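Welcome! Here is a small set of exercises for getting to know a protein fold one step at a time. Have a look at the sequence and the structure, then try each task before reading its solution.

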Amino acid sequence: MRDLRLDAKTAVFDGSNIYHFGRSNGLDAQPLGELAHQLRAKGYRIVSFFDANIFYTLNEDGAFPREQAHSTKLLEDIFGLSANEIYVVPSGNQADKYILESLKHLPISFAVTNDLYRDYAKSYPSVMKDSQWRKGVVVSKNGVRLR
């Protein structure tokens with residue numbers, strides 16, 4: 001996170017949420033990687049937060065063999081992200097707070113998630129004051145896109 005600049009356009013991904021969305025639409029990791037690629041091409045810095053259980057979830061979903069070590073490299077390969085775009089939050093924490101804190105401090109940013117974060121509305125009113133802070137993800141016959 002130390003490399004982030006406040007004046008840089010940043011797309012903050014709720015990595016676990018987008019993975020589950022892709023999985024429920026038969027696309028697994030494709031939506032996250034595809035959207036990250038599209039946004040990078042438009043000059044956005046990509047920050048992807050994952051809950052600590054992402055490795056367990058991916059393993060249970062058959063994304064990698066049980067004996068394979070958990071590593072950032074594994075997430076790079078699965079999601080098509082760079083090491084400096086991946087942040088796995090500590091166990092016992094939810095990525096939601098990290099995402100909302102990032103949005104609070106990065107003025108030219110938005111979240112890529114289908115989560116509305118209703119439980120956090122009182123804690124982060126400045127982040128959620130308008131409809132521009134969050135972009136939902138949809139799947140159409142033309143592919144994956146932001147709402």
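The exercises below go from the overall fold to single residues, and the model they use is a predicted one.

**Exercise 1. The overall fold**

Task: Find how many helices and strands the protein has, and work out how its compactness compares with the globule rule.

Solution:
- Step 1. Count the elements: the protein has 5 helices and 7 strands.
- Step 2. Put them in order along the sequence, and the pattern reads β-α-α-β-α-α-β-α-β-β-β-β.
- Step 3. Take the radius of gyration, which is 15 Å, close to the 15 Å that the globule rule gives for 147 residues; the protein is therefore as compact as a globular protein of that length.
- Step 4. Add the outline: along the principal axes, the C-alpha atoms fill a box of roughly 45 × 35 × 30 Å.
- Step 5. Finish with burial, since 44% of the 147 residues count as buried.

**Exercise 2. The open sheet**

Task: Work out the strand order of the open sheet and find which strands lie at its edges.

Solution:
- Step 1. Trace the 5 strands of the open sheet: their order is 3-2-1-4-5, and the pairing is parallel.
- Step 2. Look for strands that pair on one side only; these edge strands are strand 3 (86-88) and strand 5 (134-135).
- Step 3. Zoom in on one pair: strand 1 (residues 10-14) runs parallel to strand 2 (residues 45-50), with 5 bridges between them.
- Step 4. Pick out a facing pair here, where Val 12 stands opposite Val 47 in strand 2.

**Exercise 3. A hairpin**

Task: Describe how strand 6 and strand 7 are joined and paired.

Solution:
- Step 1. Check the direction: strand 6 (residues 137-140) and strand 7 (residues 143-146) pair in the antiparallel sense over 4 bridges.
- Step 2. Look at the link, and you find a hairpin with 2 residues between strand 6 and strand 7.
- Step 3. Match the partners: Val 139 stands opposite Val 144, and Ser 140 stands opposite Gly 143.

**Exercise 4. Helix 2 and a residue from helix 4**

Task: Compare the span of helix 2 with its expected value, then decide whether Asp 77 is buried or exposed.

Solution:
- Step 1. Helix 2 covers residues 30-41, 12 residues in total, and reaches 17 Å from its first C-alpha to its last, close to the 16 Å expected.
- Step 2. List its buried residues: Pro 31, Leu 32, Gly 33, Leu 35, Ala 36 and Leu 39.
- Step 3. Step just past helix 2, where Gly 43 takes a positive phi of about 90 degrees.
- Step 4. Move to Asp 77, which sits in helix 4 (residues 72-79). Its relative accessibility is 53%, so Asp 77 counts as exposed.
- Step 5. Link the two helices: the C-alpha atoms of Asp 77 and Gly 33 are 9.8 Å apart, while 44 residues separate them along the chain.

**Exercise 5. The largest pocket**

Task: Find the volume of the largest pocket and sort its lining by class.

Solution:
- Step 1. The space in the largest pocket is about 160 Å³.
- Step 2. Among the residues that line the largest pocket are Leu 103, Lys 104, Ser 126, Asp 130 and Trp 133.
- Step 3. Sorted by class, the lining holds 5 nonpolar, 2 polar and 3 charged residues.

Key
Residues are numbered from 1 along each chain as its sequence is written. This is a predicted model: local features need pLDDT of at least 70, side-chain atom pairs count only at pLDDT 80 or more; totals for chains, interfaces and linings use all residues. Side-chain values use heavy atoms; hydrogens and water are left out. On a 1 Å grid over the protein atoms alone, a cavity is a set of points where a 1.4 Å probe fits but cannot get out, and a pocket is an open set with protein on both sides within 12 Å along at least five of seven lines; lining residues have an atom within 4 Å of a point. Grid points are joined across faces, edges and corners, and a volume is the space filled by probe spheres set on the points. Ala, Val, Leu, Ile, Met, Phe, Trp, Tyr, Cys and Pro count as nonpolar, Asp, Glu, Lys and Arg as charged, and the others, Gly among them, as polar. The expected span of a helix is 1.5 Å times one less than its number of residues. Buried means under 20% relative accessible area, exposed over 50%, partly exposed in between (1.4 Å probe, protein chains only). Two strands pair if DSSP finds at least two bridges between them. The radius of gyration is taken over C-alpha atoms; the globule rule is 2.2 Å times the number of residues to the power 0.38.
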